[in-house]
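Hi everyone, thanks for coming. Please have a look at the sequence and the structure while I talk, and I'll walk you through a few features.

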Amino acid sequence: MGILPSIKMAWRSIRGNKLRSFLTMLGMIIGVSSVIVLVSIGRGSSEQVTSQINQLGTNLLTVNVMNSDEVKLTVEDANKFRELSGVKDIAPIVSGRVSVKQGAALAQVSLIGTTASYEAVRDVNVSSGRFLSDIDVEYRQKIVVLGATTAQTLFGFGDPVGQYVQIDGTSFKVVGVLASKGGSLGQSGDDVILMPLSTAQRLTKTMNIQTVYIQADKASDVNLVMVGAKRLLAHLFPNNEDSYSVFNQQDLMETVSSVADTMTLMLGGIAGISLLVGGIGIMNIMLVSVSERTKEIGIRKAIGAKRRHILLQFLVEAVVLSSCGGAIGVVLGFGVGQVLKSVMGMTISYSPSVSLLAFLFSLLVGVVFGVFPANKAAKLDPIQALRYE
Amino acid sequence: MLMIDIQEMTKTYRLGGETVHALRGISLQVKRGDFVAIVGPSGSGKSTLMNMIGCLDRPDSGSYRLDGKEVRTMKDDELAVIRNQKIGFVFQNFNLLSKLTALENVELPLIYRGMKVKERRTIAYECLEKVGLQERVHHLPNQLSGGQQQRVAIARALVGHPPILLADEPTGALDSKTSKEIMHIMKQLNEQGHTIVLITHDWEVAREAKRIVRIQDGELLEERGEFVGDSSIH
């Protein structure tokens, strides 16, 4: 007996018990679709984070001061990084959080006090007006450049350039608006306000630099610059390694993507367990089916069915059941992914290989959990089976 | 030419800790084209004998040659092939598969033979025609009367052209009128050359056969018919 008639026969028996078959399949459907959805979400967020980090530039290093009581990094210190070999430019940052007022509009934003070189180092662009210039820093000008979101919050769709905003009761002239860049790692790149370093130092009443962005000449120089920067910091602040950190985007990216990969694997694993549970459901129903159809097995055997005919019949039935569930699960998984994408705005990245794997796994589950009941059916004694009522 | 040649066949099995001697050294010969009725009350061992003749079970000792082949030493799958090719079963309660149509039920033995769809469909249809059910080929068993169901079962038994037709109480679940119809078909088939072994407890039915064999307490007590001399009928 060929495979095709067996599949047809299995399909008939599955259709003969629609509700039961559907409930059995449900285990597979949920298993496969959750594998697909969870892995898609995991991959989506991983890709999102990676692309955000990439946006920052791969030849960028960041020096962060975590403990500003111990490590007081001055502008002069920061400028020493510029002298290291392989460094193209640096941008020192004084940061804080301020509330900005414009008429009735109020916005809580991150303050970034920096120099003109920030534009090149962080690769930002102004969509209108101009960026900060060296002369602004020198003369401690009360001017600001608004991030895209900040500008929209304060001025709506009007042009903010040339207008004034209030920070802590002081008026600042808006000279430019940044083009939207998207956020990364909890800090929105658009929800900011930029002002000259010297102005920010006065506003936040601190002389300390919290962050220095260092741009290397090329990506291959990053490690060289990193070593140099660490040596310089060790020289400036001996025995204080815990108070500052130097990292580059590649390290960060590797860390983040390994975390994301672990998360994806974990999500996939949990979903995989539900596939296994679905398989047990199939085995359960196949065992019921075998005992229900003992008489049928007896008749078939009396008519001349060999063991393998009966084995194949029940095995094919289990596999058809599980693979139908798997196929519906794949469709459902993609559907749910689309819904999450369009309704909840999540980043979804489908993985064809994982989807295929989940489907094949459902097939495998059908075979593995189908063998035991099918074997039980095949081994039935025809006389006993015929007498069974 | 002997179709069935049973020599000194014994079979015991254990039932609830007790050993039951179902067959105690039975010998039976059936010629090709014969029509034998095996009669006996329940518990006489006739079901066991029918399982033996039908190759559903193997004897403990003695020999059973079916169409010249020794059955006792065969493996399960070999027995399945023998059942498929040499024996057509007709059961008391029809034993049709309820989810398959009449035609599909009749096709079943040919499926296990590995025959192509078209071929087996044609043969199955011809067999249903032979038992007068050409109008009902696509009906499910529960849409047919008892007599019609038994005729489907006979068609299924015939479809593989087995040399032996083994009928176990074929009229047991039917009223007397349909019983007569079924027995009429049986007789016709015998006239066409089929060897028929009929197992029953009903002497009325047994009388239709050419030859009657009585079984009691696991032994064949007497035989009547043209093969072995004559004897009175109880």
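Let me begin with a term: the domain bounds I'll use come from an automatic or database domain assignment. And please keep in mind that what you see is a predicted model.

With that, chain A splits into two parts. Domain 1 covers 3-51 together with 256-387, while domain 2 covers 72-236. How many Å separate the centres of these domains of chain A? Taken over C-alpha atoms, the centre of domain 1 and the centre of domain 2 are 56 Å apart.

Next, let's look at where the two chains meet. The size of an interface is often given as the accessible area lost when the parts come together. Here, chain A and chain B bury about 2000 Å² between them, and 60% of that lies on carbon and sulfur atoms. Which three residues supply more than any other three of the area that chain A buries against chain B? They are A:Arg12, A:Ile303 and A:Ile383, which supply 28% of it. In terms of residues, the contact takes 21 from chain A and 23 from chain B.

Now for charges. Side chains of opposite charge can pair when their charged atoms come close. Over all chains, the count is 23 salt bridges, and between chain A and chain B it is two. If you'd like to find a salt bridge on your screen, try the side chains of A:Arg307 and B:Asp76, which meet at 3.5 Å, N to O.

Another salt bridge sits within chain A: A:Glu296 pairs with A:Arg300, and their closest N and O atoms are 2.8 Å apart. How are these residues placed along the chain? A:Glu296 and A:Arg300 both belong to helix H10 of chain A, and because they are four residues apart there, about one helical turn separates them.

Helix H10 also comes up in my last topic, the cavities. There are two cavities of 30 Å³ or more, and the largest has a volume of about 90 Å³. Of the 13 residues that line this largest cavity, the closest to its centre are B:Ile87, B:Gly88, B:Pro109, B:Arg156 and B:Ala157. The elements giving two or more residues to its lining are helix H10 (294-303) of chain A and, from chain B, helix H2 (76-86), strand S6 (87-90) and helix H5 (146-158). Strand S6 of chain B gives the most, with three residues. And what is the lining made of? Eight of its residues are nonpolar, three are polar and two are charged.

That's my tour, thanks for listening!

Key
Residues are numbered from 1 along each chain as its sequence is written. Chains are lettered from A and ligands numbered from 1 in the order in which they are written. This is a predicted model: local features need pLDDT of at least 70, side-chain atom pairs count only at pLDDT 80 or more; totals for chains, interfaces and linings use all residues. Side-chain values use heavy atoms; hydrogens and water are left out. On a 1 Å grid over the protein atoms alone, a cavity is a set of points where a 1.4 Å probe fits but cannot get out, and a pocket is an open set with protein on both sides within 12 Å along at least five of seven lines; lining residues have an atom within 4 Å of a point. Grid points are joined across faces, edges and corners, and a volume is the space filled by probe spheres set on the points. Ala, Val, Leu, Ile, Met, Phe, Trp, Tyr, Cys and Pro count as nonpolar, Asp, Glu, Lys and Arg as charged, and the others, Gly among them, as polar. Contact means heavy atoms within 4.5 Å. Buried area is the accessible area (1.4 Å probe) that two parts lose on being put together, summed over both. A salt bridge is a side-chain nitrogen of Lys or Arg within 4 Å of a carboxyl oxygen of Asp or Glu.
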